[in-house]
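Please explain how the descriptive terms applied to this protein are justified.

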Amino acid sequence: MIKVGDRLPAMKLMTPGAEGPQEIDTGELFAGKTVVLFAVPGAFTPTCSAKHVPGFLEHHDALKAKGVDEIVCIAVNDVFVMSAWADDQKAAGKITFVADGSGAFTRAIGLELDLIARGLGVRSQRYALVAQDGVVTHLAIEQPGGFDVSRAEAVLESLGG
């Protein structure tokens with residue numbers, strides 16, 4: 001499992017773009033920037049849609065003021081679902097949505113969540129991290145069913161705010 005001080009893996013994922021799905025290289029996404037990455041078990045799910053993304057939208061300017069260059073939401077969903085969800089959340093220009101469709105990134109950092117018994121397959125645990133130039137400087141993983149340490153307010157607090 002990934003920990004503070006580890007480098008995030010570089011791989012190709014997908015992100016919604018103005019012209020449709022676009023490939024995104026995580027190595028380039030994190031290079032030379034301070035990035036808040038938060039993961040959700042699934043797009044359009046209750047806590048994710050009602051609290052997690054809205055919190056990062058609400059605190060977008062405060063996070064930017066603390067030196068965050070980019071806020072990224074990742075989920076084990078396909079890029080079309082992530083695109084529709086980004087539109088639904090009115091997140092354009094504030095949060096970059098990344099589709100980890102096959103769960104490759106999630107597996108690479110060891111944060112899978114087995115929801116097969118609930119009909120959802122293998123997803124991502126709920127977490128938030130801060131990475132500087134691709135190196136994790138803060139990592140907050142939720143307990144199953146929890147929504148406390150990965151909230152935007154908790155990330156902001158970790159940045160000294």
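The following exchange concerns aromatic pairs and burial.

Q: What kind of model is this, and how are residues numbered?
A: This is a predicted model, in which local features need pLDDT of at least 70, side-chain atom pairs count only at pLDDT 80 or more, and totals for chains, interfaces and linings use all residues. Residues are numbered from 1 along each chain as its sequence is written, and side-chain values use heavy atoms, with hydrogens and water left out.

Q: Why is the pair of F38 and F56 called stacked?
A: Rings of Phe, Tyr and Trp (its six-membered ring) pair if their centres lie within 6.5 Å; planes under 30 degrees apart count as stacked, over 60 as edge-to-face and the rest as tilted. The ring centres of F38 and F56 are 4.1 Å apart and the planes stand at 10 degrees, so the pair is stacked.

Q: What makes F38 count as buried or exposed?
A: Buried means under 20% relative accessible area, exposed over 50%, and partly exposed in between (1.4 Å probe, protein chains only). F38 has 0% relative accessibility and therefore counts as buried. F56 is likewise buried, at 0%.

Q: Which description fits the pair of F44 and W85?
A: F44 and W85 form a tilted aromatic pair, with 6.4 Å from centre to centre and 50 degrees between the planes. F44 lies in the loop between β3 and α2 and W85 in helix α4, so the pair ties together parts 41 residues apart in sequence.

Q: Why is F44 called partly exposed?
A: The relative accessibility of F44 is 44%, so F44 counts as partly exposed. W85, at 0%, counts as buried.

Note on methods:
Helix = DSSP H or I, 4+ residues; strand = E, 2+ residues; numbered from the N terminus.
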